[in-house]
Amino acid sequence: MVSPTEIEIKLYEAYDAGYQVFLKNWQVNRQVGLDLMQKYLKPQPPQVAVLSVGAGPGDFDVQVIRTLKQKIPKEFKLRYVAVEPNHLHRQRYEQKINPSEFADVDLKVHPEKIEEFWTDEKFDIIHYTHSMYHMPDHEPQLVQKAMEMLKDNGFLIITLDTREAVIFDTIFKYAALTGEGFTDMLQMEAMQTIVDDLGLSYEVVNYPEYMDVTLCFEENSSAGKVLMDFFCQADSSLLSDEQRQEILHLLASNMSEKDGRKVVPLPAATMVICN
């Protein structure tokens with residue numbers, strides 16, 4: 001295993017702080033991914049094995065495990081392998097896993113990046129759930145690697161925002177204003193092109209999601225600053241007042257009122273590729 005550098009550790013800590021605020025304000029639709037897993041799963045004895053890549057703090061994985069425990073026959077074992085290099089995400093993950101509820105699950109959390117992870121084990125399900133954004137130029141190899149790690153009748157699931165998601169606009173606006181940050185980031189449409197080029201067949205389901213950005217418009221809000229950092233994928237304190245107003249204007253121009261809160265669209269899509 002390659003240990004994270006000091007810079008990577010600081011980035012992980014900053015990302016974790018932003019992600020916690022993001023999660024609290026994200027109106028996310030987890031059910032589509034869960035439904036697709038149930039639709040395509042063809043259990044093969046003696047166990048169902050799942051690989052979660054970029055598992056984050058474990059919110060979705062807890063739902064996946066609960067869903068699969070209800071879906072698979074009682075005589076089957078459930079093995080669940082998570083790969084998550086962010087040490088703070090791993091700590092949160094382990095706190096979310098209730099030992100009594102999941103005592104019958106063979107669970108393992110690995111600290112590697114997926115590029116460094118390898119196993120001879122074969123999986124029924126491999127999923128990248130909003131986790132392939134920051135792997136530029138590695139996507140074709142990661143898809144191919146995943147397909148090689150699947151059992152017969154296994155499948156790969158990839159969930160990403162679509163190009164209409166406002167977060168891409170704010171990320172690219174930040175880069176244009178500051179000369180820093182990201183000038184490109186993976187969207188589902190680009191993922192479809194990658195998979196098409198690999199000659200693989202797939203199903204894609206699109207659905208709406210939203211983000212409550214009310215905090216971003218609150219003066220001197222520490223949580224609002226952290227959420228703005230996430231929308232820029234960078235340190236928003238580096239923006240001048242004028243530049244910050246441009247980012248806020250971009251959010252406002254895509255904003256609607258929902259239950260008294262300011263929300264912007266973050267539409268997503270989930271792709272399933274069968275082996």
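Let's start at histidine 130, which sits in the loop between β5 and α5. What is the sign of phi at histidine 130, positive or negative? It's positive, about 50°, although this residue is not a glycine. For background, most residues other than glycine have a negative phi. And keep in mind throughout that this is a predicted model.

While we're on backbone oddities, have a look at the loop between α2 and β2, where you'll find proline 46. The peptide bond leading from proline 45 into proline 46 is cis, and its omega is near 10°. Most peptide bonds are trans.

Okay, back to histidine 130, as it turns up again in the next topic, empty space. Rolling a probe the size of a water molecule over the atoms shows where such space is left. How many cavities of 30 Å³ or more does the structure hold? Two. The largest cavity has about 60 Å³ of space in it. His130 is one of the residues that line it, and so are Thr129, Phe60 and Tyr207, among others. Also in that lining are Val28, Asn29 and Arg30, along with Gly33 and Glu209. Sorted by class, the lining has six polar residues, three nonpolar ones and two charged ones.

Now compare that with the second largest cavity, which holds about 40 Å³. Its lining is made up of eight nonpolar residues and one charged residue, with no polar ones. The names include Leu51, Val53, Ile114, Ile126 and Tyr128, and Lys145 is on the list too. Which element gives the largest share of this lining? That's α5, with three residues. Strands β2 and β5 also supply at least two each.

There are open spaces as well. The second largest pocket has a volume of about 220 Å³. Of the 13 residues lining that pocket, Pro136, Glu139, Asp184, Met185 and Leu186 are the closest to its centre. By class, you get six nonpolar, five charged and two polar residues around the pocket.

Next up, helices. Two packed helices are described by the angle between their axes and the distance between the axes. Take α2, residues 31-40, and α3, residues 59-71: they pack at about 35°, and their axes are 10 Å apart. The crossing of α2 and α3 is right-handed. Who makes the contact? From α2 it's Leu34, Met37 and Gln38, while α3 brings Phe60, Gln63, Val64, Thr67 and Lys71. You've met Phe60 already, in the lining of the largest cavity. Overall, the α2 and α3 contact has four nonpolar residues, three polar ones and one charged one.

Last stop, charges. Side chains of opposite charge can pair when their charged atoms come close. The structure holds 14 salt bridges, and here's one: lysine 10 meets glutamate 6, at 3.8 Å from N to O. How far apart are lysine 10 and glutamate 6 along helix α1? They're four residues apart in that helix, which spans residues 6-25, so about one helical turn separates them.

If you want a single place to open up first, try His130, with its positive phi and its spot in the lining of the largest cavity.

Conventions:
Residues are numbered from 1 along each chain as its sequence is written. This is a predicted model: local features need pLDDT of at least 70, side-chain atom pairs count only at pLDDT 80 or more; totals for chains, interfaces and linings use all residues. Side-chain values use heavy atoms; hydrogens and water are left out. Axes are lines fitted to C-alpha atoms, for helices over the stretch in contact, and angles run from 0 to 180 degrees between N-to-C directions. A crossing is left-handed if the near helix is turned anticlockwise from the far one by less than a right angle, and right-handed if clockwise. Contact means heavy atoms within 4.5 Å. Ala, Val, Leu, Ile, Met, Phe, Trp, Tyr, Cys and Pro count as nonpolar, Asp, Glu, Lys and Arg as charged, and the others, Gly among them, as polar. On a 1 Å grid over the protein atoms alone, a cavity is a set of points where a 1.4 Å probe fits but cannot get out, and a pocket is an open set with protein on both sides within 12 Å along at least five of seven lines; lining residues have an atom within 4 Å of a point. Grid points are joined across faces, edges and corners, and a volume is the space filled by probe spheres set on the points. A salt bridge is a side-chain nitrogen of Lys or Arg within 4 Å of a carboxyl oxygen of Asp or Glu.
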